[in-house]
Amino acid sequence: MPMFDNPFDPKRRLTSGCPCGQHRSAEEHDNALRLQAQEVLPSEDKRYENVVAGTVLRAMFPKDSARRAFLKSVGASTALAAISQFFPLSTATEVFAQAKPIEKKDLKVGFIPITCATPIIMAHPLGFYTKHGLNVEVIKTAGWAVIRDKTLNKEYDAAHMLSPMPLAITLGAGATAQAYTAPAIENINGQAITLSLKHKDKRDPKSWKGFKFAVPFDYSMHNYLLRYYLAEHGLDPDTDVQIRAVPPPEMVANLRADNIDGFLGPDPMNQRAVFDNVGFIHLLSKEIWDGHPCCAFAASQEFVKTAPGTYASLLKSIIDATAFASKPGNRKQIAEAIAPANYINQPVTVLEQILTGTYADGLGTVKKDAKRVDFDPFPYESFAIWILTQMKRWGQIKGDVKYADVAKQVFLATDTTRLMKEVGLTPPASPTKSFSVMGKVFDPSKPDAYLKSFKISKAS
Amino acid sequence: MAINNAMSISFRASIVSILILVIFLVAWHIATSGTGAVQQMDPEYAKLMGLNATQGKSAMPGPLQVGATLWQHLTNPFYDNGPNDKGLGIQLAYSIARVGMGYLLAVLVAIPLGFLIGMSQLMSRALDPFIQVLKPISPLAWMPLALYTIKDSSLSAIFVIFICSVWPMLINTAFGVASVRKEWLNVARTLEVGAFKRAFTVILPAAAPTILTGMRISIGIAWLVIVAAEMLVGGTGIGYFVWNEWNNLSITNVINAILVIGIVGMILDQILARAAKLVTYPE
């Protein structure tokens with residue numbers, strides 16, 4: 001996983017999602033990476049050091065090729081010495097890894113029982129919260145609107161939210177405006193388009209006119225990905241099909257009752273629909289955009305400011321849990337830990353299929369895709385900018401949006417940005433990376449041009 | 001002879017009830033024990049699929065399954081595995097506590113207000129439009145407003161119970177007070193009884209049967225509302241239990257919960273029915 005890799009190794013790619021050109025195929029590349037990742041993480045301190053150093057290097061060399069050229073020419077140790085002259089890496093690492101006094105030990109974190117929240121949930125039974133000195137109660141919540149309300153009410157100290165939600169709450173779209181932050185992304189990929197079994201011969205999206213789809217929430221990656229997918233196939237998501245918000249637990253029941261023809265929803269709903277012989281998986285969301293963010297761990301900026309020690313410990317627990325979850329060998333153990341009624345409350349085999357990526361697709365085949373769901377906590381600001389362009393595209397926010405500002409304010413690109421300021425340095429331009437969605441490249445520095453390039457859009 | 005007839009009626013009624021139950025259970029068992037079509041699939045695929053696909057088992061559970069799970073719940077009602085998984089007994093206790101508080105609040109508001117409306121034509125006419133407009137509003141419609149203003153999910157649930165169960169009591173109290181027999185009021189006036197004493201010794205006992213009927217209707221509504229409110233808000237309670245099991249598409253547990261909800265509702269109703277019997281008087 002890129003965030004924890006050794007940043008001083010020139011052969012390593014630091015930004016995820018772009019092929020480094022050193023391997024013959026994407027699969028070989030992934031395999032090689034997996035092997036390398038396993039040998040590099042000896043201890044927790046090394047992990048934090050890599051996080052800090054990684055951020056610094058990423059900030060200094062936004063283009064990965066430049067970083068690699070630099071490292072190849074001077075070597076890792078010289079690079080480390082050179083950078084340490086300007087930025088004391090060891091101090092920053094110490095400050096980050098240092099246990100600041102915890103102001104509030106007993107915390108309540110809300111979650112929705114879907115596999116996106118795996119790091120938040122598994123940190124409880126697998127002991128990550130207690131390891132960092134916190135006594136956290138993870139509380140199952142009825143729906144996204146309730147989780148939003150309870151976090152705004154301060155009934156929860158932090159919560160599992162959809163990535164667009166902290167942005168929407170900060171902008172005041174669909175809720176009272178309150179400054180929110182998303183310092184960590186819970187998972188990438190992990191969703192799918194599932195259709196009712198009666199449509200198994202209707203796999204071409206062009207024949208989907210008049211269909212009724214469900215998404216978990218209006219401000220969700222699911223909504224934006226579904227709309228993007230439909231628009232790319234020439235369907236207008238507002239006039240040619242019906243998209244409605246349905247809470248994830250009710251999606252399978254609605255599919256069975258024929259209320260909806262399909263949904264783009266979070267796991268375990270997709271796999272559960274297959275398990276109960278109600279639907280089949282048409283497309284994994286990673287085939288729309290590989291590496292898309294889904295859910296985030298969100299806290300109000302007030303919490304971050306008034307309880308920084310608690311916040312740092314909480315974030316560390318989540319980062320630890322995410323690192324543990326990103327290793328494929330741990331997935332089975334995690335599936336067993338989060339299956340009971342106290343957590344996700346689903347049969348273990350359903351969760352195993354999702355987390356290990358070996359699954360039944362509903363049409364008779366067993367498919368294998370290890371990256372079906374993955375865990376990478378870094379909140380790239382380019383993610384936030386893409387989300388904002390789509391919110392504007394579909395009319396959820398109007399007027400001029402200062403994309404980069406909002407993204408920077410909400411998607412806290414790691415604690416080290418703050419730490420850099422504390423040490424007296426001006427942080428460089430926010431770490432962003434360009435990626436492509438369904439083959440179309442997104443350049444985060446040109447959001448307006450990207451928005452204008454769509455035929456089907458409601459942006460004025 | 002009369003006693004014999006009475007006994008044979010209730011005896012015969014219970015026989016018919018049991019017969020209906022047995023027929024229903026048998027029909028349910030037959031309906032859910034059949035197997036549907038099973039497609040051919042290779043064994044590795046079959047391992048990953050549920051029983052509906054591999055064995056054609058019906059998605060709806062049969063009475064034996066439901067009975068077995070119900071027994072499990074009843075024999076271990078107070079387990080606590082964490083904030084999201086508690087025994088049936090604990091969840092019921094939470095729900096009953098919430099209902100109790102909301103209902104008590106409603107009683108404290110409805111009966112005095114009902115007296116006022118019953119005794120004064122002016123107040124009755126003046127408050128009538130408000131009552132008529134607020135009465136039909138569903139608890140689910142109140143919930144978002146309550147959460148938004150009260151900002152606390154437990155208090156919001158109690159408020160919603162209050163606002164929905166206050167109307168039957170209010171209207172019945174007003175009606176009961178307004179229809180106290182004029183002769184009794186005249187006697188009270190002749191005896192020069194003070195207003196307060198008159199309210200407590202003449203009007204209250206006279207209106208008591210009607211008031212208790214109103215209370216009985218209200219407790220039914222309050223119990224109905226708490227299940228809906230807890231499904232929306234979550235956390236603890238029998239409504240949350242239903243929602244949690246719904247997440248897992250465990251129809252067996254949902255049916256169990258429904259049965260338990262029905263039985264507790266019946267018990268609450270019976271308590272008030274007994275209370276009503278205590279205050280009835282022959283006309």
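**Chain contacts and a five-stranded sheet**

In this predicted model, the two chains meet through 28 residues of chain B, which are in contact with 29 residues of chain A. On the chain B side, the elements that put in two or more residues are helix 2 (43–47), helix 3 (51–55), helix 10 (195–233) and helix 11 (238–247). Helix 11 of chain B gives the most, with four residues. As for chemistry, the side of chain B that touches chain A splits into 14 nonpolar, ten polar and four charged residues.

Turning to chain A, there is an open sheet built from five strands, running in the order 2-1-3-11-4 with mixed pairing. Strand 2 (135–140) and strand 4 (180–185) of chain A sit at the edges, each with a partner on one side only. Direction aside, neighbouring strands of this sheet are turned by 30° against each other on average.

Within the sheet, strand 1 (residues 106–111) and strand 3 (residues 158–162) of chain A run parallel and are joined over two bridges. Here Val109(A) finds itself opposite Ala158(A), a residue of strand 3 of chain A. A helix also comes into the picture: helix 9 (residues 164–171) of chain A packs on the sheet, where it touches strand 3, strand 4 and strand 11 (295–300) of chain A. The direction of helix 9 of chain A makes about 170° with that of strand 4 of chain A, the strand that forms one edge of the sheet.

How values were computed. Residues are numbered from 1 along each chain as its sequence is written. Chains are lettered from A and ligands numbered from 1 in the order in which they are written. This is a predicted model: local features need pLDDT of at least 70, side-chain atom pairs count only at pLDDT 80 or more; totals for chains, interfaces and linings use all residues. Two residues are in contact if their C-beta atoms, placed from the backbone, lie within 7 Å. Ala, Val, Leu, Ile, Met, Phe, Trp, Tyr, Cys and Pro count as nonpolar, Asp, Glu, Lys and Arg as charged, and the others, Gly among them, as polar. Two strands pair if DSSP finds at least two bridges between them. Axes are lines fitted to C-alpha atoms, for helices over the stretch in contact, and angles run from 0 to 180 degrees between N-to-C directions.
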